Structure formats: structure tokens, C-alpha cells
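This report is a first guide for a reader who has not met the structure before. Please look over the sequence and the model before reading on.

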Amino acid sequence: MTQKILQTGAFVVANDLSQEHLNRIWSETMDQGRLKLLLGGFPNLDTSSIPPLDAVHAAWVLHFMSGEEAEATAYQLFQHLKSGGRVYASVAPLYANEWPGLEAEIGKRKQHDLAYPGFFENTDEFDNWSHDNTRPAPTKFHFFDEESFKRVFESQGFNVIDSFWFTRPSTNADSPVDAKKDLGIIVEKP
Ligand SMILES: C[S@@+](CC[C@H](N)C(=O)[O-])C[C@H]1O[C@@H](n2cnc3c(N)ncnc32)[C@H](O)[C@@H]1O
């Protein structure tokens, strides 16, 4: 994605908490003059070197955060975006068919009016993740629903332009059916 955005002529700040991932982006980039690398994990990183932004693309990252961490990240993005600037974000889906009991647990939490019922600090309690064990299970994971994903951004002053379920083009053809649905959102700073 970084390379695609660079091809439009834009100046890009690429963030990741992994130096290795940033190195890969750097080595694949022809025009390094328009690329700035920012190492560290949102929301706990120094973002003071980020220039005013027109847009942010955040794919498959926010689902590693609690609701509070995602809100703090949305707050930081809001501070760095220009007025009218947008965030395009997506999170991985609810793998309901690989996590027996998960939907029931989330349903129970919803009855208690939790703002972020899909957040799990420790997914080990659902120990039958992945029938073939070829995909590692993240310990901390946020199974967002549409309402709580919108909440992350609306709570920080963004307007929601659109939110939708979609099939990520790169999703493996052999993924379970549920794994083919990602949740996307487009929000705008007033
Ligand atoms: C599942 S990958 C997604 C990569 C890419 N955005 C994509 O859609 O293919 C998640 C990436 O987010 C990074 N990451 C995880 N938590 C992060 C955080 N709090 N802040 C910044 N990057 C984070 C990981 O190091 C990893 O490179």
C-alpha cells in the first residue's frame, strides 16, 4: 500500500512497531525522498515529527488494541490530520467458525452495555483457534463490530462517511468463509 500511495506523488509517513517491516518498505521504495519511516506502536509513540496529513490508511492494526488504545490512536490521528482529512481503516473479521463460544461471550457482554464488548485481553480461553494451527492466534485481540468501530472515531470528533463489510482481495482463497469479511470504515475530520 505504501508503494501505491507513493506512486500518486504523495509524501508518505510509514509507521510500524517492527523495524524489520519498515526496512522492507524502505528497500522496496524507489523514491525514498518522499518517504519517512516512523518506528513505534500507536498510541504510545512520539508523533511530533509527523507533518499535517491529508489522509491515513490503517489496515489490520486497530484490532490489536483495546477500545481505549484505539480511541487514543484516533485522537492522535485527529491531531495530525488537516481539516477535511480522512482515515481509511480496516480490521480483521470475526472468525466465528474458528472460535466456538466467542459470539455467545460477546452477546453476554453486550447485555452489560460494554462500549467494546469484542475486546479480549487473553484469547487463550478460546483454545480451539484455527483447526489446523497454521495461523498463530494473537493473544490480545479486538473483534470489532460496526457500532464499536464507529465509536472509536466518533468519540474523538470524526464524522463517519461510510462503514462496510468487504472481502479483502489478498485474503487466501482457502480461508474459512467468515475470514473473508473485513470491517472497513472511512471517517473525516470536520
Ligand atoms: C496484520 S499486519 C498488517 C499489515 C498491513 N497494514 C496490511 O494490511 O497488510 C499488522 C502490522 O501492524 C503492526 N502493528 C501492530 N500493532 C501496532 C501498533 N500499535 N502501532 C503500529 N503498528 C502496529 C505490526 O507490526 C504489523 O506489521
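The sections below cover the overall layout, the ligand shell, one strand with its partners, and a few loop residues.

## Model and confidence

The model is predicted. Across the chain the mean pLDDT is 87, and 85% of the residues reach 70 or more. Confidence is highest in helix α3 (residues 67-80), at a mean of 98, and lowest in helix α4 (residues 102-111), at 85. Where pLDDT is low, predicted coordinates should not be read in detail.

## Overall layout

The chain holds 5 helices and 8 strands. Read from the N terminus, these elements follow the order α-β-α-β-β-α-β-α-β-β-α-β-β.

The chain has 190 residues, of which 23% count as buried. Among contacts in the chain with a separation of 6 or more, 69% join residues 24 or more positions apart.

## The ligand shell

Which residues surround the ligand? They are N15, D16, L17, S18, H21, G41, F42, A59, W60, V61 and F64. By type, this shell comprises 6 nonpolar, 4 polar and 1 charged.

The ligand lies between domain 1 (1-40) and domain 2 (54-188), because both domains give residues to the shell around it. One member of the shell, F42, is joined to P43 by a cis peptide bond, with omega near 0°. P43 itself is in the loop between β2 and β3.

## Strand β8 and its partners

Strand β8 (residues 182-188) has alternating side chains. L183, I185 and V187 point to one face and are buried, whereas D182, G184, I186 and E188 point to the other face and are not buried. This follows a general pattern: in a regular strand the side chains alternate between the two faces of the sheet.

Two strands pair with β8 in the antiparallel sense: β4 (residues 81-91), over 6 bridges, and β7 (residues 159-166), over 7 bridges. In the pairing with β4, R86 has E188 as its bridge partner. On the β7 side, S163 stands opposite I185, one of the buried residues of β8.

## W60, a shell residue in a loop

W60, which belongs to the ligand shell, sits in the loop between β3 (53-59) and α3. Is W60 buried or exposed? W60 counts as exposed because 12 other C-beta atoms lie within 10 Å, and a residue with 12 or fewer is classed as exposed. The phi of W60 is near 60°, a positive value in a residue other than glycine.

Leaving aside residues up to four places away in sequence, W60 touches S90, V91 and A92. W60 and D182 are 122 residues apart along the chain, and their C-alpha atoms are separated by 9.1 Å. D182 belongs to β8, on the face whose side chains are not buried.

## Two other loop residues

I50 lies in the loop between β2 (35-39) and β3. With 18 C-beta neighbours inside 10 Å, I50 is partly exposed. Apart from residues up to four places away in sequence, I50 touches V13, L38 and H80. The C-alpha atoms of I50 and L38 are separated by 8.6 Å, with their positions 12 residues apart along the chain as a sequence separation.

D113 is in the loop between α4 and β5 (119-120). D113 counts as exposed, with 7 C-beta neighbours inside 10 Å. Its phi is positive, at about 55°, although D113 is not a glycine.

Conventions:
Residues are numbered from 1 along each chain as its sequence is written. This is a predicted model: local features need pLDDT of at least 70, side-chain atom pairs count only at pLDDT 80 or more; totals for chains, interfaces and linings use all residues. A residue is near a molecule or strand if its C-beta atom, placed from the backbone, lies within 6 Å of it. Ala, Val, Leu, Ile, Met, Phe, Trp, Tyr, Cys and Pro count as nonpolar, Asp, Glu, Lys and Arg as charged, and the others, Gly among them, as polar. Domain bounds come from an automatic or database domain assignment. Helices (H or I, at least four residues) and strands (E, at least two) are DSSP runs, numbered from the N terminus. A residue is buried if 20 or more other C-beta atoms lie within 10 Å of its own, exposed if 12 or fewer, and partly exposed in between; C-beta atoms are placed from the backbone. Two residues are in contact if their C-beta atoms, placed from the backbone, lie within 7 Å. pLDDT is the predictor's confidence in each residue, from 0 to 100. Two strands pair if DSSP finds at least two bridges between them.
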